[in-house]
Amino acid sequence: MKVGGGWNVYDRIDGAGDLDRDGYMDLLARDKTGVLWLYKGTGSFTGARFKARVKVGGGWGAYDRLAGGADLTGDGRADLLARDRAGVLWLYKGTGDATRPYTARTQIGGGWQGYDQLIVTGDLTDDGKTDAIARDRSGVLWLYKGTGKTTGTFTARTRIGGGWNTYNHLF
C-alpha cells in the first residue's frame, strides 16, 4: 500500500511507537534542515495511514542516529534515543502528548560512536524492561539490557555474536 509521496525531503525516517497513546503507531521524520516531524498514525488500511505532520522541533541534525518506539523508562510512554556526532547517547522521555512528545534530553553516556546500528528492541530478555541492540563496525552485535530507569538506563553490554555486518540495516 502506498503511503504517499514527497518523503524525499527527509534524511531520516524512524518508528516512534505510539507517542500520543491513541493506540496507533506513529512515525518520526527528520528533514534535511534538522527539523523533526511527527506523523501520528491513523490505524487505517484503506485511507490515509498518517495524519498531517506536527513539528517536534529543530536542531535534530546534531544527531546521526535516532532509535525509538518503546518505553525505556517504565512509565508507559514511548521514548527516543539520539546519538550525537561525538558519540554521546541521549534519552528523550516520552510525554504521551503529541504536541510536545518528548521531555528535555538526559545524557545516558559516551562512547557510542563505535556503533553503526542502534535499535530499541522491546523486551528481549523477558524481564519486563525494554532493551536495545547496537552493532559495532566489525559486525559484532551487543545487547544492552534495559533497567526501566531514566538514569542508568542500561546495564553493561553483553556480546550476542559476530557476523552481523552481513546485513545493511537492522530493525
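Which residues does Trp112 touch, not counting residues up to four places away in sequence? Keep that question in mind while you set up the view, and remember throughout that this is a predicted model.

**First stop: Trp112**

Select Trp112, which is found in the loop between E8 and strand E9, the latter covering residues 115-122. Show its surroundings, and the answer appears: Trp112 touches Arg83, Gly87, Leu89, Leu118, Ala134 and Tyr144, with residues up to four places away in sequence left out. Trp112 counts as buried because its relative accessibility is 7%, below the 20% cut-off for that class. If you would like a distance for orientation, the C-alpha atoms of Trp112 and Lys145 are separated by 15 Å, the two residues being 33 apart along the chain.

**Second stop: the sheet E5-E6-E7-E8**

Next, select the open sheet whose 4 strands follow the order E5-E6-E7-E8 with antiparallel pairing. Its edge strands, each pairing on one side only, are E5 (63-70) and E8 (106-109), and from one strand to the next the twist averages 25°.

Now isolate strand E6, residues 79-84, which is joined to E5 by 6 bridges, the two running antiparallel. Two pairs are worth labelling here: Tyr63 stands opposite Asp84 in E6, and Arg65 stands opposite Arg83 in E6. Colouring by burial will show that 6 of the 6 residues of E6 are buried, so this strand is largely enclosed by the rest of the structure. In a regular strand the side chains alternate between the two faces of the sheet. In E6, Asp79, Leu81 and Arg83 point one way while Leu80, Ala82 and Asp84 point the other way, and all are buried.

Move across to strand E7, residues 89-92, which 4 bridges join to E6 in an antiparallel arrangement; the bridge partner of Ala82 in E7 is Trp90. E6 and E7 form a hairpin with 4 residues between them, and Gly87 in the turn has a positive phi of about 90°. Gly87 is also among the residues that Trp112 touches.

**Third stop: the sheet E9-E10-E11-E12**

Select the open sheet in which 4 strands take the order E9-E10-E11-E12, again with antiparallel pairing. E9 and E12 are the edge strands, each of them pairing on one side only, and neighbouring strands are turned by 30° against each other on average, direction ignored. E9 and E10 run antiparallel and are joined by 6 bridges, one place to look being Gln117, whose bridge partner in E10 is Arg135.

**Fourth stop: Asp136**

Staying in strand E10, which covers residues 131-136, select Asp136. What is the nearest side chain of opposite charge to this buried residue? It is Arg157, 5.4 Å away, and Asp136 has no salt bridge. Its side chain does make polar contacts, one with the side chain of Ser138 at 2.7 Å and another with the side chain of Trp142 at 3.1 Å. Leaving aside neighbours within four places in sequence, Asp136 is in contact with Gly114, Tyr115, Asp116 and Trp142.

**Last stop: Thr147**

Finally, select Thr147, in the loop between strand E11 (141-144) and strand E12 (158-161). A polar atom of the Thr147 side chain lies 2.5 Å from the backbone oxygen of Gly152, and the backbone nitrogen of Lys149 lies 3.3 Å from a polar atom of that side chain. Beyond residues up to four places away in sequence, Thr147 touches Lys129, Gly152, Thr153, Phe154 and Thr155.

Definitions and conventions:
Residues numbered from 1 in each chain as written. Predicted model: local features only at pLDDT ≥ 70, side-chain atom pairs only at ≥ 80, totals over all residues. Heavy atoms only, no water. Buried < 20%, exposed > 50% of the residue type's maximum accessible area, 1.4 Å probe, protein only. Lys, Arg positive; Asp, Glu negative; His and termini not counted. Salt bridge = Lys/Arg side-chain N within 4 Å of Asp/Glu carboxyl O. Polar contact = N/O pair within 3.5 Å; in protein donor to acceptor, adjacent residues only side chain to side chain. Contact = heavy atoms within 4.5 Å. Pairing = 2+ DSSP bridges. Axes fitted to C-alpha atoms, helices over the stretch in contact; angles between N-to-C directions.
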